[in-house]
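Student: I would like to learn how to read a structure. Where should I begin?

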Amino acid sequence: MNPKLPYVLLAGAAVIIFILSCMLLSRGRRSPSCESQPSTVEKTGSVSQSLVFADLTPEEMAQVVRYLQGNLGVQLVDASRAKPSDNCIASVDLQVPAKAEVLRFLDGGGARPAREALAVLYFGNQPEPNVTEYVVGPLPTLAYHRDVTVQKYGGKVPYHRRPTLGSEYKQVAAFLETVAFAAAPSFLQEVLEYDSTSVAFQTTAPHGFQSGDRKSWFILFQNVSGFFLHPVGLEVLVDHSSLDVSQWAVSRVFYNGQYYRDMVQLESAYVQGRISVEKVRKAPRDGDFSSMKPRAPSAALFPLQYEPQGPRYSVRKNLVLFQAWSFAFGMSVSTGLRLFDIRHKGERVAYEMSVQEALSVYGSNCPGGMSTRYMDGSFGLGRYTSPLVRGVDCPYLATYLDVHYLANSQVPRITKNALCIFEQNLGSPLRRHYSNLQSLYYGGLVNSALVVRSIATVGNYDYVWDFIFYQNGAIEGKVQATGYPSSSFLHGDGLRYGNRLWEHTLGMIRTHSFNYKLDLDVGGLKNSLVAHDMAFEMTRAPWSPEQQIERPRLTKKVLDTEDQAAFRLQSKMPRYIYFAANSKNKWGHQRGYRIQITSFAGDHIPEASSMERAISWARYQLAVTRRKEEEPTSTSIYNQNDPWTPTVAFADFINNETITNEDLVAWITTGFLHIPHSEDIPNTVTVGNSVGFLLRPYNYYDLDPSIYSHDGVFFTSEQDFMACEINPLACLPKTASCLPNFPPFTYDGF
């Protein structure tokens, strides 16, 4: 044996080990972290201008509170602990300046409008209690307050119309626990196993049958997770109309299909054995079937989306820039998410796009359910905007923004991560074509859009509000409903009003209606409303006169008046209806933006109803009116508690005025009928419960503006489609092989 052979083998083995080690190390090396590239966002907006729409800061809210405390000459109690007989500040919000003032500032080089706040005050400690609205300004140096109540509403707002404060609900709960329930100890203990922590209440609205009423049904549920699905069969009608809490009383009691004068009569009937008892099995604290805790362990991670070269949009204070889009955003305490000064390619398309109201009308054979017509703006779609969970409510790497508000307290509050903004690859082409006839090529564009989102949780329901901006100049407004279905106690003929969801749980039938305001300025301030549609016409074939051809032709009509532009909910509406500008595109057509509505709305409440005028906006799937500064919203926060004499009746907006070449507003109603079913347990899903509208360019441009997108892909059979300069998709292994920087998960919602 060659004595050198072992050394040669050892050396060879060392080389092999070294090579294998290098291979393993190179395979195990982490990809580099993604780094942001210089932004390609078009600079089409000004932060200094967008701030005219900015929400009040906490410091500004506190300034307004201090000013009111020192200048009204009355004692103001903190709304969080106020009694009905007290004076308090119910809310403070931005007073959006008049449109004419804003446009002079934005477009005409005029002075910046004064920055003002709108304060809503409850005056319960007065000879004539009332609700008063003050405009307070100018910020930051406050010097005046103007009572604008009569100017806005034509008179004082009666005190009974005030939205119910959280403190009043707490006082009603205390009344029930300490006064009302004390009259029925045997029934509550033996039937409901009641103690002060075992039940949860859900209130109903409106509060009665006529102006001045403040009588509310309080429905009792087991106090467990998802309590909305655990009714116990007891509902109590409380008259809390008196400003003296000691005068509150029980007006009626309902249990398992029977009505009683009060809790004393219920107790008497129970003790004497004259009551039909339906004892509900006590649920565990996690709610059992109503728990949202997953029933399966975690497994492979769901797909995630990231931006390999950083965000392609920017958020600067309240201004968002994305490709050719720019807009300002804000959050109203009552109506929620709203956008202003929306521009595409530098040209204003809309002055305002905002949510107005979310309405739900319930049916049941229980009193609480059958009398419920929730107008969620009264409770506060902005106030109840909930903290978003990163990675579920929005993509993990979205931009999250906090919202500050002042309502039901004299101290500003913050909702962390209340808004999210993100660009989303929708997983389908915005447009594409594959050609295998004559020339051979492929051309396409990924459908990547910018989403602005908030989620309002009002009681049992969660509403996901989106505004979506597409590369072709289209805007989508969308709402998705989820959360818990509210329920009634199942008894008697309950199945006429919904489906059985659990042993004693009736999923009540209900309609959901959502109203939007679209103040469009298409190609300028003045627009007209035009309808295009189709009709078949019969003609003889010119080349064969004995033959008949049915061909569709275009129909055109200018809608001259508000009455012509008010389309009832279930009526036929022109399929192409658009705001037309006073300018034309290259091909001689009026430039326009088309309104396209997606809705599965249930029927509107009969107009003979005594409360219908308060929600008369829901009569119409679309109504276009002249814009008026004195008609800023389609409803009022005061309509919920006095729908019989509505503070704002939208039907009055429609009075046959001409709408040709005027500043116009489109009011859109969309919605769906919800008949809860077993798959709504434990929770309603968003799939199938999504409605909204689209604004689409209609001859507004000379061609599709998305052809100028940097995301386009095109190659022919004669090109090297593996070359990066020809096809950017070929570069993905290089340009998108980085690891995203995921920030630590945090949540400040509790």
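The dialogue below goes through domains, sheets, buried residues and cores in turn.

Tutor: Keep in mind that this is a predicted model. A database record is a plain place to begin.

Student: Which residues does UniProt list for "domain: Copper amine oxidase N3-terminal"?

Tutor: The unreviewed UniProt entry lists residues 163–257 under that name. The span is 24% helix and 31% strand, and its end C-alpha atoms lie 30 Å apart.

Student: Which residues are listed for "domain: Copper amine oxidase catalytic"?

Tutor: The unreviewed UniProt entry gives residues 305–707. Over this stretch the chain is 2% helix and 53% strand, with 25 Å between the end C-alpha atoms.

Student: How do strands of a sheet pair?

Tutor: In general, they pair through backbone hydrogen bonds, and the pairing is either parallel or antiparallel. In this structure, one open sheet has five strands in the order 6-7-8-9-10, with antiparallel pairing. Its edges are strand 6 and strand 10 (258–260), each of which pairs on one side only. Neighbouring strands of the sheet are turned by 25° against each other on average, direction ignored.

Student: How many bridges join strand 7 to strand 8?

Tutor: Six bridges join them, and the two strands run antiparallel. Strand 8 covers residues 231–239, and its Asp-239 has Lys-215 standing opposite.

Student: Which helix lies across strand 8, strand 9 and strand 10?

Tutor: Helix 8, residues 263–271, lies across them, and runs at about 35° to strand 9 (249–255).

Student: What is the strand order in the sheet of three strands?

Tutor: That open sheet has the order 22-24-23, and the pairing is antiparallel. Strand 22 (487–489) and strand 23 (498–502) are its edge strands, each pairing on one side only. The twist averages 40° from one strand to the next. Strand 22 is joined to strand 24 (residues 505–508) by three bridges, and Phe-489 stands opposite Thr-505 in strand 24.

Student: Now for single residues. Is His-207 buried or exposed?

Tutor: A residue counts as buried under 20% relative accessible area. His-207 has 1%, so His-207 is buried. The residue is found in the loop between strand 6 (199–203) and strand 7 (215–222). Its side chain makes a polar contact of 2.5 Å with the side chain of Ser-216. Leaving aside neighbours within four places in sequence, the contacts of His-207 include Thr-164, Tyr-169, Asn-641 and Trp-644.

Student: Is Lys-517 buried or exposed?

Tutor: Lys-517 has 3% relative accessibility and therefore counts as buried. Lys-517 lies in strand 25, residues 510–520. Its side chain reaches the backbone oxygen of Pro-632 at 3.0 Å. Beyond its neighbours within four places in sequence, Lys-517 is in contact with residues including Glu-352, Glu-631 and Trp-667.

Student: Where do nonpolar side chains tend to be?

Tutor: In soluble globular proteins, they tend to be buried together. Here the largest nonpolar core has 65 residues, of which Trp-465 and Phe-469 touch the most other members. Strand 15 (residues 347–362) gives the most to this core, with six residues. A second, separate core of 28 residues includes Ala-184, Val-232, Leu-266 and Ile-275.

Student: Which residues is Phe-469 in contact with, leaving aside its neighbours within four places in sequence?

Tutor: Among them are Phe-322, Trp-325, Phe-327, Leu-339 and Ile-342, as well as Ala-449 and Ile-475.

Definitions and conventions. Residues are numbered from 1 along each chain as its sequence is written. This is a predicted model: local features need pLDDT of at least 70, side-chain atom pairs count only at pLDDT 80 or more; totals for chains, interfaces and linings use all residues. Side-chain values use heavy atoms; hydrogens and water are left out. UniProt positions are given in the numbering used here, feature names are shortened, and annotations may be inferred rather than shown by experiment. Helices (H or I, at least four residues) and strands (E, at least two) are DSSP runs, numbered from the N terminus. Two strands pair if DSSP finds at least two bridges between them. Axes are lines fitted to C-alpha atoms, for helices over the stretch in contact, and angles run from 0 to 180 degrees between N-to-C directions. A nonpolar core is a set of buried Ala, Val, Leu, Ile, Met, Phe, Trp, Tyr and Cys residues joined through side-chain atoms within 4.5 Å. Buried means under 20% relative accessible area, exposed over 50%, partly exposed in between (1.4 Å probe, protein chains only). Contact means heavy atoms within 4.5 Å. A polar contact is a pair of N or O atoms within 3.5 Å; within protein, one must be able to donate a hydrogen and the other to accept it, and residues adjacent in sequence count only if both atoms are side-chain atoms.
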